[in-house]
Amino acid sequence: MTADSATDRHFERALASLRGLSVGDALGSRFFVPANYPLLKERALPPGPWQWTDDTEMACSVLAVLAAHRRVDQDALADSFARHHDFDRGYGPAVNRLLRLVREGGDWRQLASALFQGQGSWGNGSAMRIAPLGAWYADDPEQATHQAEISSYTTHQHREAVVGAMAVAAAAALVAAPGGPPTPEALLDGVVALVPRSAVGAGLRRARDMLDYRDAGTVAAVLGNGRRTSAHDTVPFALWSAARSLGDFEEAFWVTAQAGGDVDTTCAIVGGVVASGPAGAPPAQWAADVEALPDWLPGAAA
Ligand SMILES: [Mg+2]
C-alpha cells in the first residue's frame, strides 16, 4: 500500500464522520427554533436547507489540518480556526473573541490559557469538532486520543474540555475500528480506559451503567444534555446515546435531539461518532438537505 492510498483511506473515513457530524449539527440546530418543537416530538423534518454551525466549521479545520500534516499541528489548526471563523455560526462569546484576536495576530497559547481567569475554557467546543479525527485514526485509538488532546489546547485548555475531546475521539476511533464496531458496553468501557480521571470520566462510567435505561430524558437528567455547554455536561450523554444506536443514524439523532439541551452540539458529536462506523451514515435525503461543506476543505465536494 502506498502512503497516498493510506492517507486517502484515512481521509475518506474522516470525511464520512464529518458528514454525519454536519447533519447532526445542522438538523439539530433547527430545533432551537420554537416553531419546530412539535416536529421534534413527531420525528418530522423541518424544511431544508439546514445550515451548519460552529461545530461543523471547526471540524472542517481539524480535517484540513490532518490532510495537510497527517497529524495535529497546533499552529496550523489555530490559524485555520481563526481564518475560517464566521461570527454568525453560533460560536460562544469567549471563542468568538479568541479567534478574532488570533486572526489579528495574537498568540493562541497565551489567549487560550488566559480564558476564565487562567483556568482555560471547559466548554464542549473541542469535543464537538473532533469525531472525524477519531475516524482518521481508526486503527490506533491511543493516537486518536493523543492527537485530540493536542488539538484541544488551541482553544480549550481546561482539563475537562481536553478530556471531553479525548473521549469523543476515542469513541469514534473504536467505532471505526477495522474489526467492526464494538458492543455499546465495550465501546464505553474502551473510552473510559483511554481517558484520565476527571468529571468527564466519572460521567462516562455513569453512562456505562445506564446503557439499559430506555428513557433518554431520565439519562440526560443524570448526565446532563449540554445545557451548561461544558464538556462534562455534554460528552457523557452524547456517547451514551451514540453507543446505543451504532449503525442507526436516524434513531441516534432523534433520541439525542429529543433530550434537548445544546442540541446542535450533542447531535454533532453523536452524528460524527455513529457515522464513523459501518452502516452509520445519515440518510441520503438528510445529507442532501444540509448546506454543502465549505469549498476551502479540499476533497469535500459532494
Ligand atoms: Mg453549534
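Which residue lies over the face of W52? That would be R89, at 3.8 Å from the ring centre. Keep in mind while reading on that this is a predicted model.

**The metal site**

Let's start with the magnesium ion. Its donors are T53 through OG1, plus D54, D55 and D264, each of these three through OD, and the distances run from 2.0 to 2.3 Å. Read along the chain, those donors fit the spacing T-D-D-x208-D. That pattern brings together distant parts of the chain: T53 sits in the loop between helix 2 (37-42) and helix 3 (54-69), while D264 belongs to helix 15 (residues 263-274), 211 residues apart. As for exposure, T53 and D264 are both buried.

**The nonpolar core**

Next up is the largest nonpolar core, which counts 98 residues. Within this core, the members that touch the most others are L133, V168, V191, L239, W240, F253 and V273. If you want to know which helix gives the most to this core, look at helix 9 (residues 159-175), with 13 residues.

L133 makes a handy place to zoom in. Leaving out residues up to four places away in sequence, L133 touches V62, L66, V72, A144, Q147, A148 and A169.

**Aromatic pairs**

The count of aromatic pairs comes to 7. Here are two of them, side by side.

| Pair | Geometry | Centre to centre | Angle between planes |
|---|---|---|---|
| F237 and W240 | stacked | 5.8 Å | 20° |
| F249 and W286 | edge-to-face | 6.1 Å | 80° |

Why are F237 and W240 about one helical turn apart? Because they are 3 residues apart in helix 13 (residues 235-244). F237 counts as buried, since its relative accessibility is 0%, and W240 is buried too, with a relative accessible area of 0%. W240 has already turned up above, among the core residues that touch the most other members.

The edge-to-face pair works across helices instead. F249 is in helix 14 (residues 249-258) and W286 is in helix 16 (residues 284-289), so this pair ties together parts that are 37 residues apart in sequence. Both rings are tucked away by the numbers: F249 counts as buried at 4% relative accessibility, and W286 is buried with a relative accessible area of 5%.

F249 and W286 also belong to an aromatic cluster, together with F31, F253 and W254. F253 is another name from the core list, again as one of the residues touching the most other members.

**A serine in helix 13**

Back in helix 13 we also find S241. Is S241 buried or exposed? It is buried, with a relative accessible area of 0%. Setting aside neighbours within four places in sequence, S241 is in contact with A252, V255, T256 and V270.

**Cysteines**

How many disulfides does a search of the whole structure find? The search comes back with 0. Take C60: the closest cysteine sulfur is in C267, 18 Å from the sulfur of C60, so it is too far for a bond. For C267 the picture is mirrored, since the nearest cysteine sulfur is that of C60, 18 Å away, and C267 is in no disulfide. C60 counts as buried because its relative accessibility is 0%, and C267 counts as buried at 2%.

Technical notes: Residues numbered from 1 in each chain as written. Predicted model: local features only at pLDDT ≥ 70, side-chain atom pairs only at ≥ 80, totals over all residues. Heavy atoms only, no water. Donors = N, O, S within 2.8 Å, 3.2 Å for Na, K, Ca; no water. Helix = DSSP H or I, 4+ residues; strand = E, 2+ residues; numbered from the N terminus. Buried < 20%, exposed > 50% of the residue type's maximum accessible area, 1.4 Å probe, protein only. Core = buried A, V, L, I, M, F, W, Y, C linked by side-chain atoms within 4.5 Å. Contact = heavy atoms within 4.5 Å. Phe/Tyr/Trp six-rings, centres within 6.5 Å; stacked < 30°, edge-to-face > 60°. Lys NZ or Arg CZ within 6 Å of the ring centre and 35° of its normal. Disulfide = S-S within 2.5 Å.
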